[in-house]
Each structure stands twice: as C-alpha cells, then as structure tokens.
Amino acid sequence: MNLLQDFGYKQSAIEKKLSDVWKSLFEGSARERVYFEDSAGAYILDTDSDEVSTAGMSWGMLVAVQMNRKDVFDKLWKWARTFMYISSGELKGFFSFACEKDGSVKHELPRPDGEENFALSLIFAGHRWGNGTGIFNYDKEGHAILKAMVHSRHALFNKMNYLVRNKVDENNSDVSYNLPHFYDMFSMFCDPKDEQFWSKAAEASRGFIVRASDRKTGMSAEYVDYSGAPLSVKEHGTYFSHSYVVAANMGLHALWSGDFSEFSAIARNLISFFDKTETGDFMDYLIDGTARARKARYQLALASGVAAAAITLERSKEPVKPADLAKAKRAVKRFWNAPLTTGKKRFFDNSLYFYVLLMLSGNFNVY
C-alpha cells in the first residue's frame with residue numbers, strides 16, 4: 001500500500017524524499033545527521049539528551065533493514081552488542097538503556113522498546129539477508145532477545161495481564177511500547193513454546209491501547225497505569241512525546257495485521273482533532289484536548305503521528321466518509337510539506353518522520 005501515491009503524490013517525488021531524508025539523517029551536516037561512525041561501528045545519537053539509547057539504535061537498525069542497508073545495520077548492531085549488551089547478572093540478555101558516545105554505560109535498566117525493536121529488526125535481517133556467524137547470526141540473536149523478554153527473572157512483560165512494562169522495575173506502561181503488530185510477528189517466528197504468550201500479548205495490547213485513548217480526541221497519555229488512565233501531569237500523564245508514536249504504531253498495525261475497528265475510530269478522531277491546525281501551532285495537551293500553556297516540544301513528530309493515522313483509516317473495512325478522507329489527505333499534506341528539524345531536537349522529530357514516510361510510501365515491509 002502506497003498511500004502517498006494513492007493521494008496523488010508522484011512516485012519520483014516520493015523516492016526523492018525518501019533518499020533526501022535518509023541522506024539528511026545518515027549522511028548530512030552536523031546539524032542534520034543522527035548517525036555517526038567510530039572505530040567500534042556506528043551509533044545513533046539522541047541529540048536531545050546527547051546520549052546513545054536503545055530506542056535510537058534499534059530504530060536505526062529497523063529502518064536500515066527496510067532500506068536494504070546491511071552495512072549500516074551491521075555497524076549499529078556491532079556497537080550495540082559491544083557496549084549496550086548486558087552479559088552477566090540478573091539483567092543478562094538485555095541491553096543498557098543508554099550509553100555515552102564513548103560506549104560507557106549511562107543508564108543500565110532496560111526500556112522495552114529497545115528490546116522489541118532489536119528483536120524484530122534482527123529477525124527481519126536474517127530473513128532478508130541470511131545469517132552470518134557470531135553476533136551476525138541475526139536469527140539466533142533476535143530469538144535470544146525474545147526469550148529474555150519473556151523468561152528472564154526481570155521479564156519486560158507483566159505476566160498477569162500480558163502488558164509490557166514502562167521500565168523493567170515498574171508496574172505501569174508507556175502506551176507507545178505496546179506493539180501488538182510486533183507481537184503478531186513474534187508469535188509466528190518465536191519458539192513454539194512461546195507462541196501463546198505472544199498471541200495473548202498482542203490481544204492484550206490492542207485492548208490496552210483502546211482503553212488508554214480518549215474517546216473524543218483519540219489521544220493517549222505518554223505514561224498510564226494498567227487501566228489505561230493517565231498518570232499525573234508531573235509523571236508524563238499528558239499527550240506528549242511518546243504519545244505521538246502510538247498513532248504511527250496503529251498505522252503499521254493496519255499494514256501488517258489488518259483492520260482493527262477500534263483503532264480506525266481512534267485514528268479518525270485524532271485526525272479530526274488536529275484538522276486545519278498548522279504544525280507550528282501544535283501545543284502540549286491533556287488527552288481530552290485541553291491545550292496547556294506551551295507549544296509542543298516535538299511538533300514535527302506530532303504531525304508525523306497524525307499523518308500515520310491516515311493509514312489506519314484507509315485500511316478500515318468500513319467505508320470512509322468523504323469528509324474524513326479529506327481530513328486524512330490534509331494531515332498527510334501537512335506532513336509532506338513540513339521541513340525536517342535541525343539542531344538539538346532533530347532526533348525524535350526526524351526519526352519518527354522517516355519511520356512514517358516509509359509507512360506512507362509502502363516501504364515498511366515484513367521480511
């Protein structure tokens with residue numbers, strides 16, 4: 001599905017934008033790029049915090065698979081495996097959440113989105129390129145991460161409700177870490193003994209995302225409890241940052257796992273809420289749509305998430321009303337016309353932009 005082409009964008013322009021954004025992020029100037037090579041391989045720099053996170057590294061590996069850049073993938077994986085992998089102790093098999101640029105560990109406790117993305121990117125790499133030896137036996141490495149996620153003493157999922165934790169030591173969740181479309185893939189590729197677990201996790205996560213999303217605006221808070229209710233404002237219980245990724249996740253779910261009617265309703269409400277609002281006017285919000293007294297920190301990321309919601313709407317089995325289709329097209333146009341971010345905030349903004357661009361252009365595939 002190439003939604004951009006379906007909405008009237010020329011394929012030559014789509015291919016040029018894909019190439020331009022990749023070059024900006026991976027080969028651009030010091031104010032553009034987030035990919036840096038060193039003697040140990042390569043890392044993705046989270047420019048906001050000036051650190052190397054598992055979120056960034058695994059994002060880089062996942063998009064490298066999609067772009068067929070094995071060279072980039074291997075350099076990122078080598079760096080992550082060298083500096084971030086925890087080889088002993090109770091957290092063995094996981095990855096330290098963040099390192100300094102020199103590879104020294106900054107935050108050891110893992111965050112689940114890193115492991116989720118590492119596992120899927122490695123499995124896809126094995127399927128697309130074949131397996132090598134050692135750490136480049138992609139399938140073996142990916143399946144080892146899946147095993148740790150489920151069976152470690154510090155499992156990344158709550159075994160009572162099958163929901164992913166926000167952090168390995170917390171009993172709440174980040175809605176954006178809930179990836180039912182990934183779990184659908186894991187249930188197909190995992191050890192047969194874990195197939196039921198991943199199927200239940202996918203089902204639980206779909207329901208959880210629905211519970212966490214406001215019925216009128218489609219927004220969900222960054223951090224929520226297991227009922228789906230936002231934590232306090234001080235505890236990131238607002239529509240901010242990671243919240244924007246949720247719509248992108250639902251878009252990819254529509255591409256890989258098919259229509260889920262509740263997600264289509266959420267997407268329609270989210271697109272409608274932000275319809276005709278310019279990117280530069282996006283604010284921070286409570287999930288009921290109440291604007292807070294400050295601009296959104298990552299306005300391009302917010303625009304990207306809303307554009308991805310158009311995929312969810314378009315994949316709906318129910319006919320899409322002309323008015324809703326027009327709003328979806330405006331959301332995609334706003335995304336298409338938005339310039340990339342430069343400077344300190346560029347990693348989060350531009351990484352989600354490229355992720356969504358791959359989806360909208362039909363270049364985010366299962367391998």
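Visitor: How far does helix α8 reach from its first C-alpha to its last?
Guide: The model is predicted, so local features need pLDDT of at least 70, side-chain atom pairs 80 or more, while totals for chains, interfaces and linings use all residues. Numbering starts from 1 along each chain, and side-chain values use heavy atoms, without hydrogens or water. Helix α8 (a DSSP run of H or I, at least four residues; strands are E, at least two) covers residues 195–212, 18 in number. At 1.5 Å times one less than that number, the expected span is 26 Å, and the helix comes close to it, at 26 Å.

Visitor: Which aromatic-loop residue between β6 and β7 is it that has a positive phi?
Guide: The loop runs between β6 (157–158) and β7 (163–164). Its residue with phi near 65° is not a glycine. It is Tyr 162.Visitor: Is Tyr 162 buried, partly exposed or exposed?
Guide: Buried means under 20% relative accessible area, exposed over 50%, partly exposed in between (1.4 Å probe, protein chains only). Tyr 162 has 23% relative accessibility, so the residue counts as partly exposed.

Visitor: What is the relative accessible area of His 236?
Guide: His 236 lies in the loop between β9 (223–224) and α9. Its phi is positive, about 65°, although His 236 is not a glycine. His 236 is partly exposed, with a relative accessible area of 35%.

Visitor: Which residues of α8 are buried?
Guide: The list begins with Phe 197, Trp 198, Ala 201 and Ala 202. It also holds Ala 204, Ser 205 and Arg 206. The others are Phe 208, Ile 209, Val 210 and Ala 212.
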